[in-house]
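Let's take a friendly walk through a two-part question of surfaces and strands. Have the viewer ready, and follow the headings as you go.

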Amino acid sequence: MTESSTDDRGAARGGPLRTLWDAVVRFVGDALVLTLWVVFLTLVFLETAWPRWAFYGLLLGGVAVYVSITVPWIRGRSTSGR
Amino acid sequence: MSGDYSARLVQRLTNLRDGLEPGMDRREFLRTVVSGGYVLGVASYLGVEDFLSADEGEVPIVTALVRSDPDDPFSLEERTRDVPAEWYAAVTKALEINEYLATVGMTGYLGSAVVPGSYSSQTASVSVGISSEGRSTREMIEEIADGISINAETIVEVEEMEDGPPSTQPRVATNVDSGVAPSGVVCETPSSMATLAPALYDPNTEQSYFVTAEHAFEGVSDPVGEPLVLPIDSAEPAQLGAVEYAYPVEDVAVVTPNGDLEPSSTIDTPSSARVRGQYTRLGLADLVARDEYLEKVGALTGHTTGRIQGIDAVTCFTDTFCRRGQIRWGGEMDLTDGDSGSVSFHEDPQGAADDVLVAGFNNARTWWPGQSYVWGIGAYKLTETHGYHF
């Protein structure tokens, strides 16, 4: 969020292939992390018998936090042009 | 149901986008919505509702297969017990997830086990073992699990099992005049020694077998046809027979009797236990929930008891494959070389005073710091895969 005054994503820097590759990596990475998150929460709730609303609250809250945390990373990587 | 949640999610995210993060662009918003839908989909695939909204009340489970006639090994009938439905839902879901983990087998996965909670807790946990080589996965899980006990175990790789020569004399069969060989005593393979298990039965052929650990036939590529010998106190050793089937994954070698001695269902304990049947997977979960102990009689360490540490465990510590349906119990001092092939058992609460039900085999033990248990295939798993029963 801090260094995104100019919204220049990968397209301008690395070409369409680079953009596609970044998108695939991001997609697979998201799927992996989010799957682990669901499995982890499921195991925690099996172990604790916490209520159902807490499960869905944490599940979706975690997603929101995950996305908001990773946005600056993605932007940072794009702007630094690596 | 998930549509309902998605609608709520969209609402929540719209608020988030408008209120908290005015900088969030359409792409990130879309990513959040897609991710939210994805996690709900995965949760639904895992069937989290099964245990999150489990009914109260009780459900019947089959805890054991027990002989109605103690002298007829093929007169097995199911024994049931009513258990809390919420506990049942948690345990069956933990068993399912344990199976998923083993199937996916992510980097560094060394095994896992289900540890049912007590009936009052209505919980179950899955204990996952992760190799120190799979550092990234381990760190990731430890990071997430920081502060919550999710049993992220670290297994330190050790080159060799540090077993010295056995310090005690093995338990040797004393009296075979009746024509049957007792179990829980030492038996010899051409290359090693192990403990003779109680008779195993094949319900299809109604044949009874001598059984011991397959790995006791080390040094030969295929143990089939190798002889098994029973040393007898102050007498000549008796030939029990030759290996008919060898199962390296289950670590079980099945020996057809050659006619001199018959396998028996008695275990040579101080009180001479008689095998009356075997526990099911859920029967073992029931034992854990009630904090009951298992016992065993090994040829070297003798009679020991211990707490069950995990059921339906997957172990990938040894060999190149993983072993499923294992029981973890007791401590590493309960087993040494030569005790392999012994069975773990527990008294039959509804049988006669000496009646016991078999839980499974004891084939190996931990040798790394931080954990201490014995493991071996559960009797129910052997029945599932090959049909044999005790």
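## A working definition

Two strands are said to pair if DSSP finds at least two bridges between them. Please keep in mind that this is a predicted model.

## Strand β13 of chain B and its hairpin

With that definition in hand, look at β12(B) and β13(B): they form a hairpin with 4 residues between them. In the turn, D251(B) has a positive phi of about 60°. Strand β12 (residues 238-247) of chain B runs antiparallel to β13(B), and 6 bridges hold the pairing. To find the register on screen, start from A246(B), whose bridge partner in β13(B) is A253(B).

Strand β10 (residues 207-212) of chain B also pairs with β13(B), again in the antiparallel sense, over 3 bridges. Here F210(B) has V255(B) as its bridge partner. How many residues of strand β13 (residues 252-257) are buried? The count is 5 of the 6, so β13(B) is largely enclosed by the rest of the structure.

## Strand β17 of chain B

Strand β17 (residues 302-315) of chain B is mostly covered, with 10 of its 14 residues buried. Strand β16 (residues 293-298) of chain B joins β17(B) through 6 bridges in an antiparallel arrangement. These two strands, β16(B) and β17(B), make a hairpin with 3 residues between them. A bridge pair to look for is G298(B) with G302(B).

Further antiparallel pairings involve β17(B). Strand β3 (residues 109-116) of chain B contributes 3 bridges, and S112(B) finds its bridge partner in V314(B). Strand β18 (residues 323-329) of chain B is joined to β17(B) by 4 bridges, with I308(B) standing opposite W329(B). As background for inspecting these strands, side chains in a regular strand alternate between the two faces of the sheet.

## Aromatic pairs

A search over all chains finds 12 aromatic pairs in the whole structure. One of them brings together F74(B) and Y201(B): the ring centres are 5.5 Å apart and the planes lie at 80°, so the pair is edge-to-face. This contact links distant parts of the chain, since F74(B) belongs to the loop between β1 (58-67) and β2 (76-84) of chain B, Y201(B) belongs to strand β9 (residues 197-202), and the two are 127 residues apart. F74(B) counts as partly exposed because its relative accessibility is 24%, whereas Y201(B) is buried at 8%.

Y373(B) and W375(B) form another edge-to-face pair, at 6.0 Å centre to centre and 65° between the planes. Are these rings buried or exposed? Y373(B) is buried, with a relative accessibility of 2%, and W375(B) is buried with a value of 2%. In chain A, ring pairs link F45(A), W50(A), F55(A) and Y56(A) into a cluster.

## A helix and a nonpolar patch in chain A

Where does F27(A) sit? Its place is in helix α1 (residues 10-48) of chain A. At 59% relative accessibility F27(A) counts as exposed, because the cut-off is over 50%. F27(A) also contributes to a nonpolar surface patch of about 760 Å², together with L17(A), L20(A), W21(A), V24(A), V25(A) and V28(A).

An unreviewed UniProt entry places the feature "transmembrane region" at residues 23-46 and 53-74 of chain A. Over residues 23-46 of chain A, the model is 100% helix and 0% strand. The end C-alpha atoms of that stretch are 34 Å apart.

Notes
Residues numbered from 1 in each chain as written. Chains lettered and ligands numbered in written order. Predicted model: local features only at pLDDT ≥ 70, side-chain atom pairs only at ≥ 80, totals over all residues. Heavy atoms only, no water. Patch = residues over 30% accessible without salt bridge, like charges linked within 9 Å, V, L, I, M, F, W, Y side chains within 5 Å. Areas by Shrake-Rupley, 256 points an atom, 1.4 Å probe, with all protein chains shown as cover. Salt bridge = Lys/Arg side-chain N within 4 Å of Asp/Glu carboxyl O. Buried < 20%, exposed > 50% of the residue type's maximum accessible area, 1.4 Å probe, protein only. UniProt positions renumbered as here; feature names shortened; annotations may be inferred. Phe/Tyr/Trp six-rings, centres within 6.5 Å; stacked < 30°, edge-to-face > 60°.
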